[in-house]
Each structure stands twice: as C-alpha cells, then as structure tokens.
Amino acid sequence: MTDVAFGPDTALVVVDVQNDFADPQGSLYVSGGEEVVPVVNEYVRSARAAGSTIVVTQDWHPAESPHFVDGGGVWPVHCVRGTWGAELRPDLDGDADLVLRKGTGGEDGYSAFTVRDPLTGAETPTGLAAYLQARGVTAVVVTGIAADVCVKDTAADARAAGFETTVPWAATRPVELEPGDGERAAAELRALGVDVVA
C-alpha cells in the first residue's frame with residue numbers, strides 16, 4: 001500500500017465500490033474491480049485510526065434515466081437503487097462518516113462533489129465540499145471505481161474546491177470505454193495538480 005498520510009484534516013473518499021462495478025456478475029463490471037476491495041479496506045483502517053473523515057459514495061439511479069443507453073445516454077442500466085447491483089460489495093469495509101448517494105434523480109453522478117443534468121449539462125453541488133470544510137478537512141484521498149470516470153471527476157472536483165488531492169492508483173481500476181482511458185485520466189489529473197501515486 002502506498003504511504004498516504006492520514007490525519008484529522010484528511011478525508012478518504014471511497015467511490016462506488018458496488019456490485020455492478022466490482023463483481024464479475026455486475027451489469028457494468030470494471031475489469032479487476034474486485035481487486036481494489038482489500039486495498040481500499042487498508043486505507044479505511046488507516047484513515048479511521050488516524051481520525052480522518054471517511055466518505056463512501058454509491059451510484060443510486062432510478063430505473064429509468066437519460067444517463068442510461070435506453071434513455072439516450074452512454075451507459076448500460078446499472079446501480080438502480082434498491083437492487084443487488086447498487087449495493088456496496090459485501091467485503092468492503094463500509095465504516096463511513098457519510099454515505100453519499102449520487103445520481104438519485106437521473107443525473108450523471110460521476111463526481112462526489114457535483115451532479116450533472118445529462119440533458120442540459122447543468123451542474124449542482126452535492127454539498128460534500130461544504131461538509132468536509134466544516135470538519136476541518138484540507139486534503140482528500142480518492143479511491144474506488146472507476147479511475148477514468150467517477151474517481152477522475154471526484155478527484156478533479158476535490159482539487160478545484162481547494163483540497164490537496166491524492167489518488168492511489170492501486171486503489172482504483174479504469175472502465176476504459178476506449179483503450180488508454182485510464183492513462184489519459186491519470187495524465188489529466190496530474191495536469192490539474194492531483195498527486196497520482198503508485
């Protein structure tokens with residue numbers, strides 16, 4: 001595990017380690033998604049021991065959404081609220097101060113910090129930045145799935161909100177709609193000032 005420093009001024013954000021993404025039977029399985037679970041669990045234990053804030057996110061979509069292919073979007077139906085696919089993986093250490101559900105109204109819930117209307121592109125804050133600031137957080141560590149979508153957008157938004165931001169690459173996996181999306185995501189994050197570590 002990468003030596004990431006945790007403390008009371010740090011938040012660990014665990015993004016979307018859910019059955020549909022991290023189980024081979026999931027509807028939008030990310031190759032190797034299950035491999036992040038033990039790594040993320042180590043971060044959760046370290047963060048908790050250091051007094052850090054822990055946030056776990058879940059995609060939590062309605063059954064019909066413009067986010068999905070059958071509604072005009074790019075993704076297969078996934079993480080429909082109340083289904084097995086939307087549940088956190090049972091072996092994930094879900095010890096969290098906050099569970100934040102994204103995309104609950106059919107929005108593109110890529111980032112833990114904002115949701116985006118898939119038709120207009122309008123972004124709305126989730127309230128996470130204010131929540132972390134109120135707890136004295138100045139640094140954010142982003143883990144989970146997927147590296148080139150929700151992890152990337154969450155880390156980019158964390159940096160834009162003024163948090164020192166780290167993404168331990170061993171604690172994430174890319175979905176790669178196009179080959180190389182994972183590496184491109186890492187490069188984009190580095191260009192934004194995010195610390196992408198092995």
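Is tyrosine 110 buried or exposed? With a relative accessible area of 14%, tyrosine 110 is buried, because anything under 20% falls in that class. Keep in mind that what you're looking at is a predicted model.

**Aromatic pairs**

Let's stay with the rings for a moment. The count of aromatic pairs comes to three. Here are two of them, side by side.

| Pair | Centre to centre | Angle between planes | Arrangement |
|---|---|---|---|
| Phenylalanine 6 and tyrosine 43 | 6.1 Å | 70° | edge-to-face |
| Tryptophan 75 and tyrosine 110 | 6.5 Å | 70° | edge-to-face |

Take phenylalanine 6 and tyrosine 43. Phenylalanine 6 sits in the segment before strand S1 (10–15), while tyrosine 43 belongs to helix H2 (residues 36–49), so this pair ties together parts that lie 37 residues apart in sequence. Phenylalanine 6 counts as buried at 16% relative accessibility, and tyrosine 43 is buried too, with a relative accessible area of 1%.

Now for tryptophan 75 and tyrosine 110. This pair links distant parts of the chain, 35 residues apart. You'll find tryptophan 75 in the loop between strand S2 (53–59) and strand S3 (98–102), and tyrosine 110 in the loop between S3 and strand S4 (114–116). Like its partner, tryptophan 75 is buried, at 7% relative accessible area.

**A hole inside**

Tryptophan 75 turns up again here. The model holds one cavity of 30 Å³ or more, and its volume is about 130 Å³. Of the 13 residues lining this cavity, the closest to its centre are Phe21, Leu28, Trp75, Val149 and Cys150. What kind of residues make up the lining? They divide into 10 nonpolar, two polar and one charged.

**Helix H4**

Cys150, one of those lining residues, also appears among the buried residues of helix H4. The helix spans residues 150–160. Eight of its 11 residues are buried, so H4 is largely enclosed by the rest of the structure. The buried ones are Cys150, Val151, Lys152, Asp153, Thr154, Ala155, Ala156 and Ala158; notice that Lys152 and Asp153 are on that list. Just after H4 comes glycine 162, with a positive phi of about 100°.

**Helix H5**

Helix H5 covers residues 181–191, and its buried residues are Gly182, Ala185, Ala186 and Leu189. Why can we say they share a side of H5? They cover an arc of only 100° around the axis, which puts them on the same side. Over on the other side of H5, Glu183 and Ala191 are exposed. And what covers the buried residues? The cover includes helix H4, strand S7 (164–168) and strand S9 (195–197). H5 is followed by glycine 193, whose phi is positive, near 95°.

**Aspartate 20**

Last stop: aspartate 20, which is found in helix H1 (residues 19–22). Aspartate 20 counts as buried, at 7% relative accessibility. Which residues does it touch, leaving aside neighbours within four places in sequence? Aspartate 20 is in contact with Gly26, Ser27, Leu28, Tyr29, His78, Cys79, Trp84, Gly85 and Ala86. Cysteine 79 deserves a second look: it is 59 residues from aspartate 20 along the chain, yet their C-alpha atoms are separated by 6.1 Å. Leu28, another of these contacts, is also one of the residues closest to the centre of the cavity.

Notes
Residues numbered from 1 in each chain as written. Predicted model: local features only at pLDDT ≥ 70, side-chain atom pairs only at ≥ 80, totals over all residues. Heavy atoms only, no water. 1 Å grid on protein atoms, 1.4 Å probe; cavity = no way out; pocket = protein on both sides within 12 Å on 5 of 7 lines; lining within 4 Å. Points joined across faces, edges and corners; volume = space filled by probe spheres on them. Nonpolar A, V, L, I, M, F, W, Y, C, P; charged D, E, K, R; others polar. Buried < 20%, exposed > 50% of the residue type's maximum accessible area, 1.4 Å probe, protein only. Helix = DSSP H or I, 4+ residues; strand = E, 2+ residues; numbered from the N terminus. Arc of directions from axis to C-beta. Contact = heavy atoms within 4.5 Å. Phe/Tyr/Trp six-rings, centres within 6.5 Å; stacked < 30°, edge-to-face > 60°.
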